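Reader: I would like a close look at a single part of this model, followed from its own geometry out to the side chains that surround it. Please take one helix and explain how its faces differ and what its residues pair with.

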Amino acid sequence: MMFWYDHDVSGWGWFAMSAGMILFWVLIITGAVMLFRALGSRSEHPQRSVPPSPEQVLAERFARGEIDDEEYRRRLDTLHSAGPPRS
């Protein structure tokens, strides 16, 4: 029976034990949330694709109705006469 009365844990000991337990669970939960986010972000963001060419951008604008047929052909001719892009 002496075992139960012999530990002499003061108020600071209980505080340290409680703070340690809270810190332990916060770290476990934070680690789990970060793991789930990292695994989920891989499936949401596929590998980066090649950016569209200027001709594709121009065709998309024409398809959306932002430019008319005359403007589309004029800009397309300008793109083709300019030659390949310089890097």
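**Helix H4 and its surroundings**

Author: In this predicted model, the secondary structure of the protein comes to four helices and zero strands, and from the N terminus on the order of elements is α-α-α-α. Of the 87 residues in the protein, 6% are buried, while the exposed surface comes to about 8600 Å², with carbon and sulfur atoms supplying 64% of it. The part I take up is helix H4, which covers residues 69-82.

Helix H4 has 14 residues, and the distance from its first C-alpha to its last is 20 Å, close to the 20 Å expected at 1.5 Å a residue. Its buried residues are Glu71, Tyr72 and Leu76. Viewed down the axis of H4, these buried residues fall within an arc of 125°, and they therefore line one face of the helix. An α-helix has 3.6 residues a turn, so residues three or four places apart point the same way. What the buried residues of H4 pack against is helix H3, residues 54-64. On the face turned away from that buried side, H4 carries the exposed residues Glu70, Asp77 and Ser81.

Two of the buried residues can be followed further, beginning with Glu71. The side chain of Glu71 meets that of Arg75 in a salt bridge, at 2.4 Å from N to O. Because Arg75 and Glu71 are four residues apart in helix H4, about one helical turn separates them. The partners differ in their cover: Glu71, with a relative accessible area of 19%, is buried because the cut-off for that class is under 20%, whereas Arg75, at 33% relative accessibility, counts as partly exposed.

Some of the salt bridges also share partners, and in this way Arg61, Arg64 and Glu66 are joined into one network. Within this network Glu66 meets Arg61 at 3.0 Å, N to O, and Arg64 forms a salt bridge with Glu66 in which the closest N and O atoms are 2.9 Å apart. As for accessibility, Glu66 is partly exposed with a relative accessible area of 48%, Arg61 counts as partly exposed at 25%, and Arg64 counts as exposed at 53%. The count of salt bridges in the structure comes to five, and those described here are among them.

The other buried residue to follow is Tyr72, and it leads to the aromatic rings. The structure holds two aromatic pairs. One of them is formed by Phe24 and Trp25, which are edge-to-face, with 5.2 Å from centre to centre and 75° between the planes. Phe24 counts as partly exposed at 42% relative accessibility, and Trp25 is likewise partly exposed, with a relative accessible area of 47%. Phe62 and Tyr72 form an aromatic pair that is stacked, with 4.8 Å from centre to centre and 20° between the planes. This pair links distant parts of the chain, since Phe62 lies in helix H3 and Tyr72 in helix H4, ten residues apart. Tyr72 counts as buried at 16% relative accessibility, while Phe62 is partly exposed, with a relative accessible area of 33%.

Taken together, the buried residues of H4 pack against H3, Tyr72 stacks with Phe62, and Glu71 is joined to Arg75 by a salt bridge.

Methods. Residues are numbered from 1 along each chain as its sequence is written. This is a predicted model: local features need pLDDT of at least 70, side-chain atom pairs count only at pLDDT 80 or more; totals for chains, interfaces and linings use all residues. Side-chain values use heavy atoms; hydrogens and water are left out. The expected span of a helix is 1.5 Å times one less than its number of residues. Buried means under 20% relative accessible area, exposed over 50%, partly exposed in between (1.4 Å probe, protein chains only). The arc is that of the directions from the helix axis to the C-beta atoms. Contact means heavy atoms within 4.5 Å. Rings of Phe, Tyr and Trp (its six-membered ring) pair if their centres lie within 6.5 Å; planes under 30 degrees apart count as stacked, over 60 as edge-to-face and the rest as tilted. Accessible areas come from the Shrake-Rupley method with a 1.4 Å probe; for residues, only the protein chains shown count as cover. A salt bridge is a side-chain nitrogen of Lys or Arg within 4 Å of a carboxyl oxygen of Asp or Glu.
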